[in-house]
Every structure is written in structure tokens, then in C-alpha cells.
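Work through the exercises below with the sequence and the structure open beside you. Try each task before you read its solution.

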Amino acid sequence: LSTQTPSPNLQASTIEIGNHVFQKDDWSNVTPKILSYIKSEKHLQKHHPLSIIRKRIVEYFYNTYKNNRGTPLFSVYDQVSPVVSVHQNFDNLLIPAGHPSRAKSDCYYINKHYLLRAHTTAHQIEMIKSGLDNYIIVGEVYRRDEIDSTHYPVFHQLDAVRLIGKEKLFGNFLDLEIFENDFKSNPQKIQTIISNSKCIDQSKQPCHTLEAVKLTEHELKSVLVGLTQHLFGDNIEYRWVDTCFPFTQPSWELEIYHKGDWMEVLGCGIMRNEILLNSGVSNSIGFAFGLGLERLAMILFDIPDIRLFWSNDSGFLTQFNEEDNRPNKYKAISTFPQCSNDLSFWLPEGVEIDNFSPNDFYDIARGIGGDMIEQITLVDKFKHPKTGKSSLCFRIVYRHMEKTLTQAEVNETHGKIAKVVSESFNVVIR
Ligand code: FA5
Ligand code: MG
């Protein structure tokens, strides 16, 4: 992809990204504002907190895994285009049709076949097919989500995969096996059992032996706890939580205790064997994980608001230095007053509240208000008993990170949002 800025023409029938032209269709919901984040590469910007975190994680993996000549085992990919197919983001990862994560209200679709990746896991099959056994991929991901201090529509993930063969896993115990005998004689049978089972329990995949799973789980958890201690020191409080992903089984999340609460920082698990088979690997067991760089950087540097990662203010950026290994804590430049304004409107007759996706509203508001919006909450839903019309009320909290906003500036932006919302959704502002 080139660095060319995307055309902001909403009416156009095509979307241009780099040298590619995509036909729009009724799935297209990516906004010019969102497209403008492509190639922002905050994770590669020298001295940026996201880049510092990335470097420390990569350095840990380089040091932890070396071959017998002392060369790092993991290769790192940090400039892969975020434009992926629906196959890459979902089907390849065994995410079933109709799964909520595919919804138009949750992803930025370019059209019905392409989207901006919702996780860096989307590249798994192509990376393994290209022959990689140990890799790390880092980049920005895109999700339509709520708006508050820990959620932003663009954030950064680091995913890793490690494939382990029989000799690596068991050493000299050559009578141990990765796969059950049953599976070796009839792989089809056992696969069917897996793909039909929803994530009901945390049990292993039927194709794997218990000893292979337990050894891999041990390595996965040890390396991730090691990473956590490398980043935050030996006294960091953490816990493992059982969870489900369609592409790993069993699966876990790692949470870290931060500011009086548990914060989820990564998801991981034993890779589903079908994914390995579909990538041309039939003799290994694999683990994979995906972590959020912003979450880790917020803990490491005490950064209170996720919008700060997009700040170009020198008062923010000069606080971080990648050569400095001390755990430097962010000092708020200053706090500016906030200003909150409500926006209520009637939905068109016959449109029910549940048919209106708040994420559509958030996109428009963000597109106009940008980073002067700190938070948006849906404060009221109401159906008029007589007319049957439904009404919604959103509270928008305005606060700039770098200056005091005047009432006039806030009113102007708020008015523009109201205007565009009423035109786009055919609603009547109350
Ligand atoms: C995933 O995206 C999985 N692909 C992770 C994975 C990879 C699991 C490989 C197993 C194997 P999840 O949606 O939970 O999972 O996101 C992973 C991490 O990204 C979270 O733990 C969190 O650290 C970060 N994250 C998720 N959503 C946000 C958000 N809106 N803002 C900031 N960080 C987020
Ligand atoms: Mg999660």
C-alpha cells in the first residue's frame, strides 16, 4: 500500500486504498476517517510508547528462543497491509457463518469480500503456508466499538505462532506421541467431532494426546508469564482465565491487576489442528496468542486514555525514550475541563430501537468531533406509548487532551453531528 491519502468522497462507488480500487456494495461501512489511519504505523514510530512496547516484546522473544547457532527463532512482520479478505479474517480461523464477530455493526467492511482486519490473527494461514514455524506479526486492527478511555476504533495487536514437532516437544522420550492413534488411522472422524463441538468445555482437541497438550500449555503459559515479568517486573499480579476462541482449544486469557482492577491483556491457546492441516502442517502441535499493545503500554507507562496514543503533542511524545530502560511513568500535561452535551432524536416511524446500531452513531460523531470526544454513552431509550415512535439519547463528553475547548467550539461540533445524524439516519432531533 502506498501512503496516498484515501479519497474522502462518500458518494463514490469505489474505495481506493493504495493502488487497489474496491467496488462498494451494501456491506461497505468504512469511513474516510478510518481509512486515514492506514499506514499510520505508530508501532514503528521511534520513541512512541507503542513502539517501545513492541521492541521490548520482540527482544524478549529473540532472547528466549534461539537456535543452536544463537540466531533468534522468531521472525517479525510489522508492515503487513491491514486489508484482508473475509476468508482470512474469519473462515480460515474456523469462525462460523453468523458468528457475532462478523457483524457489519462490529467491523469495518470495504465491501462484502474485504475488510480492515479485526485482529492480526487474520494472517495465520498465509504465514504458516509460507513455511514459518515461529513468527510474530504486529500491526493496527480495526473494530467498531464503544467510545471510552480504553476503546478506540483502531488499536494495535501483536500475534505470535509457534509450531512444535515431536522431537522438540518430547526430547528423548520417543515413545510419546502428539496425536492419538485413533486420529492417525482416521483423521476425518476426529476432525468432525471437533468442528461440531461448540466451546462447551476447556477440554483438549480429540486429535491430541494429553501429554502433548499439557507440555504445550506449560510452554505457552511459562513464556507469557515470563514476558509479563520482563515488562512489568517479578511482582506483577496476574491470573489465567479459561475462555473460548474458534481457532484455539483449549484457550485462555491473561489478566493483569492494574489500578484496583483486572485488565485483560491477551488471548491464547493451542491452535486448532484443522488450521495446521489447512496450512500444510501435519506433524506439529502449535500455540498462538494475540495481545493488545495499548493495554500493555497503558499499564507500563500509566497512560490514562487511549486517545493519547494518537497525540502529536510534544508534551506527550517527549516523555518516552526507547533507550531509557527505566519504567518511566507518564505525567499528565494538564487536565482540561470537560463539557457534556446530550443529543436526542426520534427514529423514523416503524424503526425499532434494536434496529439502530449505536456504532453507526459513534462513527459519525467520531468522524466530525475526532479526538475532542472523550466518551459517548447511550443514556436513554424510550418508546412513546401513543405514537409508537422510539427515541434515543446519547451523551457526548467533549474534552480535548491538549487544550481547553470553548463552548462555541463544542456547540459548533455538536450542531454538525446533529445535522449529519439527522440526514444520514432520517431521524428527527428532539
Ligand atoms: C483476539 O483478537 C484474538 N485474535 C486473540 C488470539 C490470538 C487468541 C491467537 C488466541 C490465539 P480479543 O478480541 O480478546 O482476541 O483481543 C485480544 C487483545 O486485544 C485483548 O486481550 C486486548 O488486550 C486487546 N483489545 C481487544 N479489544 C480492544 C480494544 N477495543 N481496545 C484496545 N485493546 C483491545
Ligand atoms: Mg478478549
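**Exercise 1. The two domains.** How far apart do the C-alpha centres of domain 1 and domain 2 lie?

*Solution.* Begin by keeping in mind that this is a predicted model. The domain assignment of the protein chain gives domain 1 as 40-82 + 117-301, and domain 2 as 339-429. With these bounds, the C-alpha centres of the two domains lie 38 Å apart. Next, turn to the contacts between them: four residues of domain 1 are in contact with seven residues of domain 2. On the side of domain 1 that touches domain 2, the residues divide into two nonpolar and two charged, with no polar residue.

**Exercise 2. The sheet of four strands.** Find the order of the strands in the open sheet that E12, E13, E14 and E15 form, and then place the helices that pack on it.

*Solution.* Step one is the order, which reads E13-E14-E12-E15, with antiparallel pairing. Step two is to find the edges: strand E13 (373-383) and strand E15 (428-429) each pair on one side only, and they are therefore the edge strands. Step three looks at one pairing in detail, where strand E12 (residues 339-346) runs antiparallel to E15 and is joined to it by two bridges. In this pairing, tryptophan 346 stands opposite valine 428 of E15. Step four adds the helices. Helix H12 (residues 358-369) packs on the sheet by touching E13 and strand E14 (390-398), and its direction makes about 140° with that of E13. Helix H13 (residues 407-425) also packs on the sheet, where it touches E12, E14 and E15, and its direction makes about 20° with that of E12.

**Exercise 3. The shell around ligand 1.** Which residues come nearest to ligand 1, and which element supplies the largest share of the shell?

*Solution.* The shell holds 25 residues, and those that come nearest are His119, Thr121, Gly267, Gly290 and Gly292. Sorting the shell by element, one finds that strand E7 (154-165), strand E10 (261-271), strand E11 (284-292) and helix H10 (293-301) each supply at least two residues. The largest share, six residues, comes from E10. Sorting by class instead gives nine nonpolar, ten polar and six charged residues.

**Exercise 4. Confidence.** What is the mean pLDDT of the protein chain, and where does pLDDT stay under 50?

*Solution.* The mean pLDDT is 91, and 93% of the residues of the chain reach 70 or more. Residues 1-8 are a stretch over which pLDDT stays under 50. For the complex, the predictor gives an ipTM of 0.99 and a pTM of 0.85.

Definitions and conventions: Residues are numbered from 1 along each chain as its sequence is written. Chains are lettered from A and ligands numbered from 1 in the order in which they are written. This is a predicted model: local features need pLDDT of at least 70, side-chain atom pairs count only at pLDDT 80 or more; totals for chains, interfaces and linings use all residues. Two residues are in contact if their C-beta atoms, placed from the backbone, lie within 7 Å. Axes are lines fitted to C-alpha atoms, for helices over the stretch in contact, and angles run from 0 to 180 degrees between N-to-C directions. pLDDT is the predictor's confidence in each residue, from 0 to 100. A residue is near a molecule or strand if its C-beta atom, placed from the backbone, lies within 6 Å of it. Ala, Val, Leu, Ile, Met, Phe, Trp, Tyr, Cys and Pro count as nonpolar, Asp, Glu, Lys and Arg as charged, and the others, Gly among them, as polar. Domain bounds come from an automatic or database domain assignment.
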